[in-house]
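Student: I should like to work through this structure in questions and answers. May we begin once it is displayed?

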Amino acid sequence: MKTYLSLVKKEFHHILRDKRTMLILFGIPVALMLLFGFVITNEIKTIGIAVLDQSNDYTTNQIVDRLESSCYFVVKQRISNYGQLESVFKSGAAKLAIVFEQQFDYNLQRNRKANVQIIADASDANFANLSVSYATAVIRGYINDKNVQKSGMLQIVPEVRMAYNPELKGVYFFVPGIMALILMLISALMTSVSIVREKEYGSMDVLLVSPVRPVEILLGKVTPYILLSFINAFVIVVLGWSVFGLPVAGSLFLLFFECFLFISLALSLGILISTIADSQMVAMFVSAVGLMLPTILLSGFIFPIENMPLILQWFCNIMPPKYFIIILKHIMLMGNGLKEVWKETLILLSMNLFFILLAIKKFKIRR
Amino acid sequence: MRIILIFLKKEFAQIFRNKMMLPIIFVIPLVQLLILVNAATMEMKSIRMVIVDNDLSMASRRLASHFLASKFFVIDNYMSSAIQAQQLMQDGKADVVLCINRDFEKQLLNESSAKVQATFNAINGMVAGIASSYIQAIMADYQAELIQSGRYNRPVSIGVAGTNVAPAQLNIQHRFWYNPELNYKCFMVPGVLVVLVTLVGMFLAGLNLVREKEIGTIEQINVTPVKKYQFIAGKLIPFWILALIELGVGLTIGKLIFDIPIEGSLFLLFAIAAIYLVIVLSIGLFVATITETQQQAMFIMFFVMIICIMMSGIFTSVETMPNWAQMVNHLNPAYYFMRVIRMILLKGSGFKDLLFEISCMGIYAVAMLTLAVRKYKKAVA
């Protein structure tokens, strides 16, 4: 026990002495939270539009006014022919163009039908899709209002309720993923690198020939990282709650229990990597490609798994972060308990067992 | 000059001796493109919807059939109880619950206004937002159809001339230029290429330098009469070349596998990439000068890179970011390159269109390189 404690102490010294890494360790979760909370959104703020108004009458002007007063659209340029549109898009001055046909008002009044074109610069497909649907809604709203004013036309009113996240804050969606990413970063990447560094420097050999048991060495190595991981998980929860008003709907105890499961899983993965890698560079590389990338991409962190091609979905199924993120969503956002997530918990638990055994088996005492 | 050449030879020998290098150059771009581009899709394919139809009238069924016909919604379940449907959502088995009230048709007839409740699982705010706009569009279509059919139109009060005319209709056409099928891959491939180039430029160069520091070989070079600029040039140029090759490999893969359009001039693209790389390499160099171990350097670069890349608009467009973020982005080199590479590849923008971006990057490159070179000291503190 005493040897174990002194090993932990030594490891803590190692970590705490390196101020820059510490700064980054606590800076990353904060920066990621702020980034995903404030910057990575899909809300349309202002779209620069170009208007090609071949009619320039009362109605077209009203529609343009309506677009502008919706706060989503700003008229950046008025153009007089189609040819100009090309250069407007190419220079990136506007991303959307509204084209009114000639005699727009006349057609609308007399023929009860008029044409308007919405042309989008779809080099950014998602944004184009979104902005076109916004513009369509605004223009449709205008014509609807006019019709209803005139004759009390019938209306179907959608009543929309956004469950679990009424203000559609992006951060709600990202918090579980950030948690998984950070825990993976600290527990797997840092652990593997720090073990390999001892290997590189040769100090590992010194430890191994000493009377300290290998299990003690390993435990002493990982304990500080477990603590660090927990502190970071805590920071994320507190930050989510204080800055973004994200409450933990379910049980906090369960939340930290699941975190512990994931941390120990990540740690055993880290140890496993350290047994394969001979240099820090390789360890970093393997953990970055093998663990970090899947945590970001193949876990449902940013991109919904359902939308991926089937092969990738299978890949996702063997990625532990996927289950951790599902569990976190249930506990933090939907307020569910073990009843809803027992399946995922069981999967994490068995992965845990498997990798811990494998890591211990692979951990070599001799070169 | 001769000294620089010798340095280059040494660096290249070192780089290619490393067995990891070949996979890094050729396999990583392939894997990254294949996984990232396929995984990173915001295209909405299937939103699971549950319809609770309490009315079961002609009108409500027609509405439901409109949703059935839409390719965005997969209707798993018809339910008769809203509570059951809610439970499905709570279990994470439904994304949207659409609830049609019992007197939907009656309301349409009598009050000419009826309500439909849509409840979204809004944890993924983006999906919920887009799904909600789809739902509203479908309802608007249905509404237009009803108006057209005239079945539920209330008799308009008599006497007022001109009110009883057909409703005015707008025919709204959509055109998506440069990417008519809204293929998300055309958007992602250039983005991934930026990540690739940044990765090679920043990480490999920075880590290489720190490694020499850690091992101590840098001391041996420091005591030789080699000039500072010669050493730095020898360190940076190999990775500069490597990253450009990487870009070429990535472009080829993108073209062959994803058939991305290459509208603009490739020469211009590589010229701008060369400027961008100077910035990135300088950042790598700068980080290397202020750190002592590879672990530190890697963490700092990881931190810098994730912020730069995320803010550059790789997944979500810059226009959707708050104003302050858009301002800050002018200090973000990846933002310019991300913008430029997409404009050149997809839209065929030329030198004139990109003048602003190019000059910003030029200034940035000069400033960053000067800073990094000045910060680097031959003597150890």
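Student: How many salt bridges does the structure hold over all chains?
Tutor: The model is a predicted one. A pair is counted when a side-chain nitrogen of Lys or Arg lies within 4 Å of a carboxyl oxygen of Asp or Glu. Over all chains, the number of salt bridges is 14.

Student: Which parts does the salt bridge of Lys10(A) and Glu198(A) tie together, and how many residues apart in sequence are they?
Tutor: The closest N and O atoms of Lys10(A) and Glu198(A) are 2.8 Å apart. Lys10(A) belongs to helix 1 (residues 2-17) of chain A and Glu198(A) to helix 7 (residues 170-201) of chain A, so the pair links parts whose separation in sequence is 188 residues.

Student: Which residue of chain A forms a salt bridge with Lys347(B)?
Tutor: Between chain A and chain B the count is one salt bridge. Its closest N and O atoms are 2.6 Å apart, and the partner of Lys347(B) is Asp121(A).

Student: Which residue of chain B stands opposite Asp121(A) in strand 5 of chain B?
Tutor: Strand 4 (residues 113-121) of chain A pairs with strand 5 of chain B in the parallel sense, over nine bridges. Within this pairing, the residue opposite Asp121(A) is Trp177(B).

Student: What is the strand order of the open sheet that has strand 2 (73-79) of chain A as one of its edge strands?
Tutor: Its edge strands are strand 2 (73-79) of chain A and strand 5 (169-177) of chain B, each pairing on one side only. From one strand to the next, the twist averages 25 degrees. The pairing is mixed among the five strands, and the order is 2(A)-1(A)-3(A)-4(A)-5(B).

Student: In the open sheet with the order 5(A)-4(B)-3(B)-1(B)-2(B), which strands stand at the edges?
Tutor: This sheet has five strands and mixed pairing. Strand 5 (residues 155-163) of chain A runs parallel to strand 4 (residues 113-121) of chain B, joined by nine bridges; Pro158(A) stands opposite Val116(B) there. Strand 1 (residues 47-53) of chain B also pairs in the parallel sense with strand 3 (residues 96-100) of chain B, over five bridges. An edge strand has a single partner strand, so one side of it is left without a neighbour in the sheet; the two are strand 5 of chain A and strand 2 (73-79) of chain B.

Student: At what angle does helix 6 of chain B run to strand 5 of chain A?
Tutor: Helix 6 (residues 125-149) of chain B lies across strand 5 of chain A together with strand 1, strand 2, strand 3 and strand 4 of chain B. Its angle to strand 5 of chain A is about 165 degrees.

Student: What is the area buried between chain A and chain B?
Tutor: The size of an interface is often expressed as the accessible area lost when the parts come together. Here the contact takes 106 residues from chain A and 109 residues from chain B. Carbon and sulfur atoms give 64% of the buried area, which is about 10200 Å².

Student: How many residue pairs are in polar contact between chain A and chain B, and which helix gives the most to the side of chain A?
Tutor: With both residues at pLDDT 80 or more, the count is eight residue pairs in polar contact. By class, the side of chain A that touches chain B has 64 nonpolar, 24 polar and 18 charged residues. The element giving the most to that side, with 16 residues, is helix 6 (residues 125-151) of chain A.

Student: Which residue has its backbone oxygen 3.3 Å from a polar atom of the side chain of Gln313(A)?
Tutor: Gln313(A) is placed in helix 12 (residues 310-317) of chain A. Leaving aside neighbours within four places in sequence, Gln313(A) is in contact with Ile305(A), Glu306(A) and Met308(A). The backbone oxygen at 3.3 Å is that of Ile305(A).

Terms used:
Residues numbered from 1 in each chain as written. Chains lettered and ligands numbered in written order. Predicted model: local features only at pLDDT ≥ 70, side-chain atom pairs only at ≥ 80, totals over all residues. Heavy atoms only, no water. Contact = heavy atoms within 4.5 Å. Buried area = accessible area lost by both parts, 1.4 Å probe. Polar contact = N/O pair within 3.5 Å; in protein donor to acceptor, adjacent residues only side chain to side chain. Helix = DSSP H or I, 4+ residues; strand = E, 2+ residues; numbered from the N terminus. Nonpolar A, V, L, I, M, F, W, Y, C, P; charged D, E, K, R; others polar. Pairing = 2+ DSSP bridges. Axes fitted to C-alpha atoms, helices over the stretch in contact; angles between N-to-C directions.
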